Amino acid sequence: MSAPGITALVVLDNELLSHGVRSMLKSIPTMGSVWACGKAAEAFALLPAQRPDIVLCLGSGPDTPALVRGAVQHGAKALLLLEGPDPDAVDEATLLAAHGFLMQADVTVEKLREALDRVHSGDIPLPPGMARTLMSRQTRRPARRISLTPREGEVLHLLAEGLSNKQIARRLGISEHGIKRHVTNLLAKLNSPNRTLAVALALQEGLIRAAQPA
C-alpha cells in the first residue's frame, strides 16, 4: 500500500490565487489530500477534523498569527506566502513561529514542491532576499557569550541564507549527518526550538554580520 503523501490545507481568500495554488499542489506526486478555504473561521474547523501536515496561507493579514498558532496547536506546520522580502510585513511572533516562507512571485510547481518537502522534513525555507533584508536592517548589539566553533559559524551563515541540510553539506563538503549534528548543537546553544528563531536570535545578538553594500 502506497504512502498517503503530504496533506495540506490552503487558506487563501483570493479565489484566483487559491485555485492556482491548489492546482499546483495536486500536480505534485508526493501530495496527498488538499483542502481549501478562504476564511480563518473555516480553517479552524478543518484543522481538527482533517489534521493536515501543512497549512499554507498568506504571510501578512489580520488572521495570519491566529492561523499559524492554530496550525501548531493541531500538529501542522505553517508555510507562508510572502508578497515581498521585507520581514516588517510579517508579525514578529508569526515570523518566528512559522515553519517556512515562499515568495508569491516565485511560486511554481517545482518551487512549491521543494518548499513543502523541506518544511515536512524539518528544514525551514527562507528566501535569500528575505535573509539579506533581515541582515542588512539588523542593528548590531553586543553579543552574548555564546561560543560557536568555526564550522558552526559557517553552518549558521548558510542557515541564514535559507539553505537546506543537503545544500549546506554540499557547500561545505561534509556529510548531511554531520550538518544535522551541527544544526542540533546550534539550536541548543541558541536555546531555539527551530531554525527561524535561531537565525533571528543570531542576528539580534550580532553572531551574523550584517550584509555589506556592494
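This is a chat about the sheet, two helices packed on it and one histidine in a predicted model.

Visitor: What kind of model is it, and how are residues numbered?
Guide: It is a predicted model, where local features need pLDDT of at least 70 and side-chain atom pairs count only at pLDDT 80 or more, while totals for chains, interfaces and linings use all residues. Residues are numbered from 1 along each chain as its sequence is written, and side-chain values use heavy atoms, with hydrogens and water left out.

Visitor: What order do the strands of the sheet take?
Guide: Five strands form an open sheet in the order β2-β1-β3-β4-β5, with parallel pairing. Strands (E, at least two residues) and helices (H or I, at least four) are DSSP runs numbered from the N terminus. Two strands pair if DSSP finds at least two bridges between them.

Visitor: Which are the edge strands?
Guide: β2 (31–37) and β5, each of which pairs on one side only. On average, neighbouring strands in this sheet are turned by 20° against each other, direction ignored. Axes are lines fitted to C-alpha atoms, for helices over the stretch in contact, and angles run from 0 to 180 degrees between N-to-C directions.

Visitor: Take β4. Mostly covered or not?
Guide: Strand β4 (residues 77–82) is mostly covered, with five of its six residues buried. Buried is under 20% relative accessible area, exposed is over 50%, and partly exposed is in between (1.4 Å probe, protein chains only).

Visitor: And what does β4 pair with?
Guide: Strand β3 (residues 54–58) runs parallel to β4 over five bridges, with Leu 56 opposite Leu 79. The chain gets from β3 to β4 through helix α3 (residues 64–73), in a right-handed β-α-β crossover. Right-handed means that, with the strands pointing away from the viewer, the path from the first strand over the helix to the second runs clockwise. β4 is also joined to strand β5 (residues 100–103), in parallel, by four bridges; there Leu 80 stands opposite Phe 101.

Visitor: What about β1 and β2?
Guide: Strand β1 (residues 6–11) and β2 are parallel, with five bridges. Ala 8 has Val 34 in β2 as its bridge partner.

Visitor: Which strands does helix α2 touch?
Guide: Helix α2 (residues 40–50) packs on the sheet and touches β1, β2 and β3, its direction making about 150° with that of β2. Contact means heavy atoms within 4.5 Å.

Visitor: And α5?
Guide: Helix α5 (residues 109–121) touches β1, β2, β3, β4 and β5, and its direction makes about 145° with that of β4.

Visitor: Different topic. Where is His 177?
Guide: His 177 lies in helix α9 (residues 176–189).

Visitor: Buried or exposed?
Guide: His 177 counts as exposed because its relative accessibility is 60%.
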